[in-house]
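Here is a friendly walk through the model that follows. Please keep the structure open beside the text as you read.

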Amino acid sequence: MTFRKIDLVSRQNWQSLYNGEIIHILVGTATCGRAAGSMAVLEAIRREIAGLEGKARVSEVGCMGLCSYEPLVVIVKPGDFSVCYHHVTPLIVPQLVEGYVKGDDPCLDLALGTVAGGGDEAVYIPELDLFKHQARVLLRNCGYNSPLEIDHYIACGGYRGLSSTLEMKPAQIIRKLEKSGLRGRGGAGFPTATKWAACSQTKGKTKYVICNADEGDPGAFMDRVLLESDPHAVIEGLIIAGYTVGAGQGYIYVREEYPLAIERLEMALKQAKEKGLLGRKILGLGFSFKIEIIKGAGAFVSGEETAMIAAIEGRRSWPEHRPPYPAEAGLWGKPTLVNNVKTLAYVPLIIQNGSDWFAGIGTGNSPGTALFALAGKLENTGLAEVPMGTSLRTLVYDIGGGIKKGGRFKAVQIGGPSGGCLPEGLLDTPIDFDSLKGAGAIMGSGGVIVMDEDNCVVDTARFFIDFSRQESCGKCTHCRIGAHHLFSILDDVTKGKGSLKSLEALQALAEDIREGSLCGLGKMATNPALTTLRYFRAEYESHVLEQRCPARVCKELTAYYILPDKCYKGCDHCVLACPAEAVFSDEQGLKVVDQVKCTKCGSCELVCPAEYNAVIRLSPVSLVPENRRTKPQTPVKEP
Amino acid sequence: MKDGLSVILKKYGKDKSQLVSILQDIQAEYNYLPREALEKLSKKMDIPQSHVYSMATFFRAFSLNKRGKHIVNVCLGTACHVRGGELILESLERQLGVGRGQTTPDLKFTLESVNCMGCCATGPVVKIGEEYFGHMTNDKVEPMLKKYRE
């Protein structure tokens with residue numbers, strides 16, 4: 001079938017859905033939605049609209065990126081507003097169905113806003129601060145189109161890039177990419193066209209292309225969202241890559257921790273094959289291409305391209321020396337192109353909309369958009385896609401909505417375990433590959449974790465080094481053993497055991513690890529420690545010199561204390577909640593934490609009723625008044 | 001145990017490059033990697049036992065020990081960490097009476113941790129089997145487990 005026919009059929013199917021009389025209910029069921037309970041909501045909607053066949057229809061969609069508002073439901077009503085409801089529970093589903101599906105009340109009090117129509121009556125979501133600063137290129141379909149139906153993707157312009165590609169020569173495609181200035185979104189920002197050209201020019205009958213979906217950063221989830229919400233964009237990009245470099249086989253290497261992404265990819269591949277967009281003689285032309293999904297088995301290092309190749313070959317994920325680069329000798333020694341999920345997803349759009357369109361977004365050296373996973377102490381957590389060059393401040397305050405519960409901003413950790421921790425003074429840094437590198441962070445995976453005054457930067461550095469130490473593949477001594485020592489120094493600091501000398505050792509060791517490691521993961525594993533030491537030295541010093549953790553996070557340096565003047569003697573919440581039986585009553589019935597027994601789990605602080613708010617954390621622990629530290633020994637009665 | 005394993009081995013033939021997938025299939029079948037299965041795999045596919053063992057211990061997803069009926073997975077990714085994921089892990093350790101990576105004696109629960117499940121915005125997150133629990137706090141731990149205890 002020609003692409004024109006495929007396109008026509010898809011459009012007809014799409015129009016019959018959206019131009020008819022049918023009310024369309026969209027439920028976001030990506031993993032983040034599921035964690036918030038969207039499957040129960042979906043079930044409730046199905047129950048409520050049973051019997052309304054021909055009038056209402058429910059579809060599963062991916063993630064809009066508004067994770068903190070999940071579960072999200074959008075009701076698209078022909079000739080009326082399209083309303084987006086947030087924090088939907090099965091209990092309010094009947095009200096929504098009665099109100100807006102069966103009736104004409106859009107239930108705006110339960111809505112986040114409208115996505116179409118509404119005028120003065122309701123908030124128009126694309127105009128919210130949260131959306132206004134974004135440029136949704138990769139996210140354009142996420143949360144609106146069903147990832148389970150290829151027709152939706154095609155009707156919205158999908159696979160048109162592939163169709164044009166097959167009429168072009170590989171050199172033309174590479175020129176187009178070069179002109180667009182696209183840089184790899186895996187973290188390092190290597191020019192994509194250069195990589196493709198190298199692989200395309202290497203002679204060889206058998207070549208491979210690999211989509212790197214082993215999202216290793218423990219705080220980033222954009223690749224997951226793209227695969228779950230718009231899998232065809234990635235597949236289309238991979239097919240174009242295969243055609244350009246002359247490969248007949250593609251692999252998508254996905255983390256096993258993303259079962260839903262794998263499920264949706266499998267379905268998308270099947271649908272693409274059925275349409276003749278994948279497999280033998282794509283669109284009836286000469287090019288044949290197969291795609292296989294490979295599931296990762298839980299190793300961070302597999303995200304490094306040579307290590308990934310080793311895993312696909314059935315070996316341990318150990319990075320190799322480069323050169324030779326995979327483009328010359330990769331999988332099974334054959335020329336191999338490895339690209340990140342996001343990089344591939346841009347390609348069909350660049351083919352379709354032109355290089356100038358892409359180069360016009362973002363900055364000169366870093367064109368296009370940047371996709372970030374916002375997490376941590378923000379009002380709005382989720383995904384955000386902004387033009388490159390946007391400042392971190394816009395990302396944190398306008399899109400992220402500022403610090404949760406009115407807290408104070410302390411630091412932003414950007415780029416995951418290989419990235420850096422930046423202070424408030426650097427919030428005006430524009431987001432692009434080069435500016436971030438200059439500040440000591442990297443674009444990396446795009447994980448953005450915002451910390452407030454209640455987060456300890458030493459603890460955060462310790463956390464990342466602990467991660468890198470556990471995930472070190474063990475090949476290079478500097479990374480394998482160095483990271484262990486780095487961890488033990490940081491661990492000592494968090495326990496108040498270090499000295500100023502530890503900080504010097506930390507610096508020196510971190511620099512050695514950077515020099516002595518083979519792959520990027522080892523080289524950059526020290527970034528969190530180096531940047532926190534550079535920008536937050538005072539906080540390190542208060543740990544080692546005063547045994548004080550300013551954020552009151554480091555357990556050994558922090559004590560839970562119940563303020564006697566706020567505690568109410570008739571209340572027993574903390575006593576009951578304490579798993580260590582460390583809370584006791586004094587002679588007046590006021591509660592005291594036994595510092596010897598306390599395991600510092602925080603249960604007492606969590607359960608203390610808001611009207612008393614009596615539990616506080618103190619650091620250093622010597623601040624706890626001496627007479628309220630342990631339970632007085634009951635004198636043994638003389639017989 | 002024989003049948004499931006034979007089916008898996010047959011599916012992959014002699015393709016040694018598929019070792020990771022084979023181990024994943026074996027683990028899906030038995031919930032862990034039984035020693036006998038690995039020995040048989042090594043023999044049938046002509047892969048040295050040392051290599052099979054090295055692969056099974058390199059990747060975090062594999063377990064050489066029997067695992068419980070319900071796998072309780074605590075996310076300790078960055079976002080969950082800054083929101084107190086460790087406290088949830090400790091609370092689970094207390095409730096289940098086992099440490100991280102261990103299985104309860106009645107083979108009901110295995111407590112594991114993972115470096116990010118990709119639902120960072122709803123952290124701290126715990127996953128039991130296929131079910132996700134977001135925005136966890138210490139006091140939600142016991143009610144969450146209750147359903148699985150029966």
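Chain B is divided into domain 1 (2–58) and domain 2 (70–149), with bounds that come from an automatic or database domain assignment. The centres of domain 1 and domain 2 of chain B, taken over C-alpha atoms, are separated by 29 Å. This is a predicted model, in which local features need pLDDT of at least 70 and side-chain atom pairs count only at pLDDT 80 or more, while totals for chains, interfaces and linings use all residues. Residues are numbered from 1 along each chain as its sequence is written, chains are lettered from A and ligands numbered from 1 in the order in which they are written, and side-chain values use heavy atoms, with hydrogens and water left out.

**Chain B**

Chain B has 7 helices and 4 strands; helices (H or I, at least four residues) and strands (E, at least two) are DSSP runs, numbered from the N terminus. Along the sequence, these elements of chain B come in the pattern α-α-α-α-β-α-α-β-β-β-α. The C-alpha trace of chain B spans about 50 × 30 × 20 Å along its principal axes. Of its 150 residues, 60% count as buried, where buried means under 20% relative accessible area, exposed over 50%, and partly exposed in between (1.4 Å probe, protein chains only). Take the contacts in chain B (heavy atoms within 4.5 Å) between residues at least 6 apart in sequence: 60% of them join residues at least 24 apart.

Asn31(B) is a good residue to click on. It sits in the loop between α2 (19–30) and α3 (35–45) of chain B and counts as partly exposed, at 26% relative accessibility. Leaving aside residues up to four places away in sequence, Asn31(B) touches Ile26(B), Arg67(B), Gly68(B) and Ile71(B). Asn31(B) and Gly68(B) are 37 residues apart in sequence, and their C-alpha atoms are 8.0 Å apart in space.

**Nonpolar cores**

A nonpolar core here is a set of buried Ala, Val, Leu, Ile, Met, Phe, Trp, Tyr and Cys residues joined through side-chain atoms within 4.5 Å. Which members of the largest core touch the most other members? Of its 118 residues, they are Tyr159(A), Trp196(A), Ile239(A) and Leu277(A). Helix α11 (residues 231–245) of chain A gives the most to this core, contributing 9 residues. Not counting residues up to four places away in sequence, Leu277(A) has among its contacts Phe3(A), Ile6(A), Tyr159(A), Ile239(A) and Leu283(A). A second, separate core has 40 residues, including Ile294(A), Ala311(A), Leu33(B) and Met55(B).

**A buried helix and an open sheet in chain A**

Helix α18 (residues 457–471) of chain A has 15 residues and reaches 21 Å from its first C-alpha to its last, close to the 21 Å expected at 1.5 Å a residue; that expected span is 1.5 Å times one less than the number of residues. Because 12 of the 15 residues of α18(A) are buried, the helix is largely enclosed by the rest of the structure. Among those buried residues are Val457(A), Asp459(A), Phe463(A), Phe464(A), Asp466(A) and Glu471(A).

Chain A also has an open sheet of 5 strands in the order β2-β1-β3-β4-β5, with mixed pairing; two strands pair if DSSP finds at least two bridges between them. Its edge strands, each pairing on one side only, are β2 (56–61) and β5 (111–116) of chain A. Strand β1 (residues 23–28) of chain A pairs with β2(A) in the parallel sense over 6 bridges, and Ile25(A) stands opposite Val58(A) in β2(A).

**Backbone points to check**

Most residues other than glycine have a negative phi, and most peptide bonds are trans. These four places are worth a look.

| Place | Feature | Value |
|---|---|---|
| Glu70(A) to Pro71(A) | cis peptide bond | omega near -10° |
| Ser619(A) to Pro620(A) | cis peptide bond | omega about 0° |
| His87(A) | positive phi | phi near 45° |
| His135(B) | positive phi | phi near 50° |

Pro71(A) lies in the loop between β2 and β3 (73–76) of chain A, and Pro620(A) in the segment after β18 (615–618) of chain A. His87(A) is in the loop between β4 (82–85) and α4 (93–102) of chain A and is partly exposed, with a relative accessible area of 41%. His135(B) is in the loop between β4 (131–133) and α7 (138–149) of chain B and counts as partly exposed at 38% relative accessibility.
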